[in-house]
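Me: I would like a close look at a single part of this model, one strand together with its surroundings. Please explain each term when you use it.

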Amino acid sequence: MAFTGNWTTNAFKTGLMDGTFNFTSGSFYLALYTNSATLDATTTAYTATGEASGGNYVAGGNLLTIAQVPTVGNGDTAFISFNNTSWTGAITARGALIYLSGGGNPAVCVLDFGADKTSTATFTVQFPAVTNTSAIIRIS
């Protein structure tokens with residue numbers, strides 16, 4: 001199955017309610033995937049199935065660095081974002097998964113790149129601007 005869009009996972013939604021996710025102390029990763037991966041809103045956790053390879057990419061992806069701690073901006077939207085992350089070498093990926101490391105590696109969100117993206121030197125995932133209207137994770 002191919003990627004079918006960007007998703008906030010159901011695991012993340014329920015995990016916010018039961019205390020699974022803590023963005024001030026947890027370690028969050030971004031893993032890259034090929035178009036053979038099956039990732040959507042029902043994705044519960046990190047999986048190596050369909051994961052990208054090549055260059056200096058290692059299974060599990062990169063540890064993300066928080067660019068904006070959880071905050072509320074202009075109105076009632078809480079948001080958080082991460083710094084861009086990258087790998088060197090030839091890599092092709094169709095999308096990515098942000099997940100919390102540990103405790104079963106629960107999934108946060110699925111990112112669909114819209115098409116295969118290929119690098120020959122550096123593969124960079126660039127996150128959107130850190131604002132209440134465009135940050136990668138927003139809750140209103």
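Reply: What follows goes through one strand, then the rings, then the pockets.

This is a predicted model, in which local features need pLDDT of at least 70 and side-chain atom pairs count only at pLDDT 80 or more, while totals for chains, interfaces and linings use all residues. Residues are numbered from 1 along each chain as its sequence is written, and side-chain values use heavy atoms, with hydrogens and water left out.

The strand is S2, residues 28–33. Helices (H or I, at least four residues) and strands (E, at least two) are DSSP runs, numbered from the N terminus. Of the 6 residues in S2, 5 are buried. Buried means under 20% relative accessible area, exposed over 50%, and partly exposed in between, with a 1.4 Å probe and protein chains only.

S2 belongs to an open sheet of 5 strands with antiparallel pairing, in the order S1-S8-S7-S2-S3. S1 and S3 are the edge strands, each with a single partner, so one side of each has no neighbour in the sheet. Two strands pair if DSSP finds at least two bridges between them. Strand S7 (residues 91–100) runs antiparallel to S2 and is joined to it by 6 bridges. Strand S3 (residues 62–63) also pairs with S2 in the antiparallel sense, over 2 bridges. Leu30 has a bridge partner in S7, namely Ile98, and it stands opposite Asn62 in S3. Tyr29 is matched in S3 by Leu63.

Next come the rings. A pair of aromatic rings is described by the distance of the centres and the angle of the planes. Rings of Phe, Tyr and Trp (its six-membered ring) pair if their centres lie within 6.5 Å; planes under 30 degrees apart count as stacked, over 60 as edge-to-face and the rest as tilted. The structure holds 12 such aromatic pairs. In one of them, Phe12 and Phe21 have ring centres 4.9 Å apart and planes at 65 degrees, so this pair is edge-to-face. Phe21 also pairs with Phe28, and here the rings are stacked, with 6.4 Å from centre to centre and 25 degrees between the planes. Phe28 counts as buried because its relative accessibility is 1%; Phe21 is buried too, at 9%. Phe12 is likewise buried. One aromatic cluster is formed by Phe12, Phe21, Phe23, Phe28, Phe82 and Phe127.

Phe127 leads on to a pocket, since the lining of the second largest pocket includes Phe127, Phe123 and Phe113. On a 1 Å grid over the protein atoms alone, a cavity is a set of points where a 1.4 Å probe fits but cannot get out, and a pocket is an open set with protein on both sides within 12 Å along at least five of seven lines; lining residues have an atom within 4 Å of a point. Grid points are joined across faces, edges and corners, and a volume is the space filled by probe spheres set on the points. The second largest pocket holds about 180 Å³. Its lining has 7 nonpolar, 3 polar and 1 charged residues. Ala, Val, Leu, Ile, Met, Phe, Trp, Tyr, Cys and Pro count as nonpolar, Asp, Glu, Lys and Arg as charged, and the others, Gly among them, as polar.

The largest pocket has a volume of about 230 Å³. S8 gives the most to its lining, with 4 residues.
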